[in-house]
Amino acid sequence: IERTLVLIKPDGVARNLSGAILGRIEAKGYTLAELKKVDASRELLEQHYEEHVGKPFYEPLVEFMLSGPVVAAIFEGHRVIEGFRSLAGTTDPTTAAPGTIRGDFGRDWGLKVQQNLVHGSDSVDSAEREIKIWFQD
Ligand code: ATP
């Protein structure tokens with residue numbers, strides 16, 4: 001069965017939206033397989049975001065992800081990778097479609113990094129890679 005890594009970023013946790021976000025994913029029909037709250041280390045985040053090294057938002061992104069706890073989850077289901085990304089909405093929360101997680105709960109706060117509430121793996125290979133990083137145990 002297909003699996004994806006979902007992160008509720010520090011903005012989502014700080015705004016007490018973890019339950020609402022997880023509820024939407026479950027309501028769509030995906031199954032929660034693993035769940036934990038994590039104070040991520042810089043090392044873990046550098047592994048997770050290695051593809052973005054050198055981009056202008058890389059350092060602000062890592063700092064943002066270090067700013068508070070993150071909720072890490074594994075969800076399962078047929079085509080869950082594609083399904084979660086559709087549910088999350090596009091990267092920029094200002095213009096993400098209403099009805100999506102980012103579109104309904106997010107906006108631009110005038111910061112260097114887009115605080116957009118969630119992360120979801122973008123392929124089977126990245127899901128496998130990211131699950132290893134966040135759920136080593
Ligand atoms: P995907 O990995 O499929 O592209 P994503 O929507 O999470 O999905 P990424 O391009 O991976 O976006 O970027 C990772 C994160 O970096 C984003 O979720 C966002 O928080 C931040 N980010 C991306 N692009 C920008 C940008 N141009 N300016 C500020 N922050 C950005």
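The legends below describe close-up views of a predicted model.

**View 1. Strand β1 and the two strands that pair with it.** Strand β1 spans residues 3-8 and is mostly covered, with 5 of its 6 residues buried. Strand β3, made up of residues 70-76, is joined to β1 by 6 bridges, and the two strands run antiparallel. Within this pairing, I8 has V71 of β3 as its bridge partner. Strand β4, residues 118-120, is also antiparallel to β1, and here 3 bridges make the connection. The bridge partner of L7 in β4 is H119, a residue that appears again in View 3 among those nearest the centre of the largest pocket.

**View 2. The buried side of helix α4.** Helix α4 runs over residues 58-66, and its buried residues are Y58, L61, V62, F64 and M65. These residues lie on the same side of α4, because they cover an arc of only 160° around the axis. The elements covering them include two strands already shown in View 1, β1 and β3, together with the helices α1 (10-14) and α3 (42-48).

**View 3. The largest pocket and its lining.** The largest pocket has a volume of about 510 Å³, and 24 residues line it. Nearest to the centre of this pocket lie H52, T91, R102, N116 and H119. Two or more lining residues come from each of the elements α5 (80-88), β4 and α7 (124-134). Sorted by class, the lining of the largest pocket consists of 10 polar, 7 charged and 7 nonpolar residues.

**View 4. The two faces of helix α7.** The buried residues in α7 are S126, A127, E130, I131, I133 and W134. They are placed on the same side of α7 because the arc that they cover around the axis is only 155°. On the face turned away from this buried side, α7 carries the exposed residues V124, D125 and K132. What covers the buried residues of α7 includes the strands β1, β2 (31-38), β3 and β4, as well as the helices α3 and α5.

**View 5. A127 and its surroundings.** A127 is a residue of helix α7, and it counts as buried because its relative accessibility is 1%, where the cut-off is under 20%. Leaving aside residues up to four places away in sequence, A127 touches R3, T4, I81 and S121. Of these contacts, R3 and T4 fall within the range of β1, residues 3-8, while I81 lies in helix α5. For a reference point elsewhere in the chain, K28 is 99 residues from A127 in sequence, and the C-alpha atoms of the two residues are separated by 19 Å.

**View 6. I81, on the α5 side of the contact with A127.** Is I81, a residue of helix α5, buried or exposed? With a relative accessibility of 6%, I81 counts as buried, because this value falls under the 20% limit. When residues up to four places away in sequence are not counted, I81 touches E2, R3 and T4 and also S121, D122, S123, V124 and A127. R3, T4 and S121 are also touched by A127. Although I81 and V124 are 43 residues apart along the chain, their C-alpha atoms are separated by 7.5 Å. V124 is one of the exposed residues on the face of α7 turned away from its buried side, whereas A127 is among the buried residues of that helix.

Technical notes:
Residues are numbered from 1 along each chain as its sequence is written. This is a predicted model: local features need pLDDT of at least 70, side-chain atom pairs count only at pLDDT 80 or more; totals for chains, interfaces and linings use all residues. Side-chain values use heavy atoms; hydrogens and water are left out. Buried means under 20% relative accessible area, exposed over 50%, partly exposed in between (1.4 Å probe, protein chains only). Helices (H or I, at least four residues) and strands (E, at least two) are DSSP runs, numbered from the N terminus. Two strands pair if DSSP finds at least two bridges between them. The arc is that of the directions from the helix axis to the C-beta atoms. Contact means heavy atoms within 4.5 Å. On a 1 Å grid over the protein atoms alone, a cavity is a set of points where a 1.4 Å probe fits but cannot get out, and a pocket is an open set with protein on both sides within 12 Å along at least five of seven lines; lining residues have an atom within 4 Å of a point. Grid points are joined across faces, edges and corners, and a volume is the space filled by probe spheres set on the points. Ala, Val, Leu, Ile, Met, Phe, Trp, Tyr, Cys and Pro count as nonpolar, Asp, Glu, Lys and Arg as charged, and the others, Gly among them, as polar.
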